[in-house]
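Here is a structure to question, label by label. Each answer sets a value against its cut-off.

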Amino acid sequence: MSTFSARLTEDMKNAMKAKDTVALNVTRNLKSAIKYAAIEKGGADGELDDTEAIAVVRKEMKKLQDSLAGFEQAGRSDSADAIKTEIAALEKYLPAGMSADELTALVEA
């Protein structure tokens, strides 16, 4: 089991204990999406490494952002707020992005 999957399982347990429905739904959906991608990759016994799992997180994030845009265009602020909460919960599974200063230093090097 990859460290990402172990972290996801631990976060799911913690969300259950804390009765945090948003975090629990996000972790369940993410775990399901990762398992589905693993099955697509290698059959019933397939597993994803951490890099592939993060790619699945990015894909799920994109889906949520598309849904958010649709809800905002339709003027459904209640649904948009729920999606924003899910996005915030999902963001903790993505690696931190580079700051503008770090990117500039890398380009100059």
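Q: Why is Tyr93 called buried or exposed, whichever applies?
A: Tyr93 has a relative accessible area of 3%. Buried means under 20%, exposed over 50%, and partly exposed in between, with a 1.4 Å probe and protein chains only. So Tyr93 is buried.

Q: What sort of model is this, and how are residues numbered and side chains treated?
A: This is a predicted model, where local features need pLDDT of at least 70, side-chain atom pairs count only at pLDDT 80 or more, and totals for chains, interfaces and linings use all residues. Residues are numbered from 1 along each chain as its sequence is written, and side-chain values use heavy atoms, with hydrogens and water left out.

Q: How many aromatic pairs does a search of the whole structure find?
A: The search finds 1 aromatic pair.

Q: What makes the rings of Phe4 and Tyr93 a pair, and of which kind?
A: Rings of Phe, Tyr and Trp (its six-membered ring) pair if their centres lie within 6.5 Å. Planes under 30 degrees apart count as stacked, over 60 as edge-to-face and the rest as tilted. Here the centres are 6.0 Å apart and the planes stand at 70°, so the pair is edge-to-face. Phe4 lies in helix H1 and Tyr93 in the loop between helix H4 (77-91) and helix H5 (100-108), so the pair ties together parts that are 89 residues apart in sequence. Helices are DSSP runs (H or I, at least four residues), numbered from the N terminus.

Q: Is Phe4 buried or exposed, and how do you know?
A: Phe4 is buried, because its relative accessible area is 7%.

Q: How do you know whether the span of helix H1 agrees with its number of residues?
A: The expected span is 1.5 Å times one less than the number of residues. For the 16 residues of H1 (residues 3-18) that gives 22 Å, and the end C-alpha atoms are 22 Å apart, so the two agree.

Q: Which residues of H1 are buried, and on which side?
A: The buried residues of H1 are Phe4, Ser5, Leu8, Asp11, Met12 and Ala15. They cover an arc of only 120° around the axis, so they sit on the same side of H1. The arc is that of the directions from the helix axis to the C-beta atoms. On the other side, Thr3 and Lys17 are exposed. The cover over the buried residues includes helix H2 (21-42) and helix H3 (50-73).

Q: Why is Thr27 called buried or exposed, and what does Thr27 touch?
A: Thr27, in helix H2, has 2% relative accessibility, so Thr27 counts as buried. Leaving out residues up to four places away in sequence, Thr27 touches Leu8, Asp11, Met12 and Tyr93. Contact means heavy atoms within 4.5 Å.

Q: What makes Asp11 and Arg7 a salt bridge?
A: A salt bridge is a side-chain nitrogen of Lys or Arg within 4 Å of a carboxyl oxygen of Asp or Glu. The closest N and O atoms of Asp11 and Arg7 are 3.9 Å apart, and the two form a salt bridge. Both lie in helix H1, 4 residues apart, about one turn of the helix. Asp11 counts as buried at 17%, while Arg7 counts as partly exposed at 35%. Arg7, Asp11 and Lys92 are linked in a network of salt bridges.

Q: How many salt bridges does the rule give?
A: The count comes to 6. Among them, Glu60 and Lys63 meet at 3.2 Å, N to O.

Methods. Helices (H or I, at least four residues) and strands (E, at least two) are DSSP runs, numbered from the N terminus.
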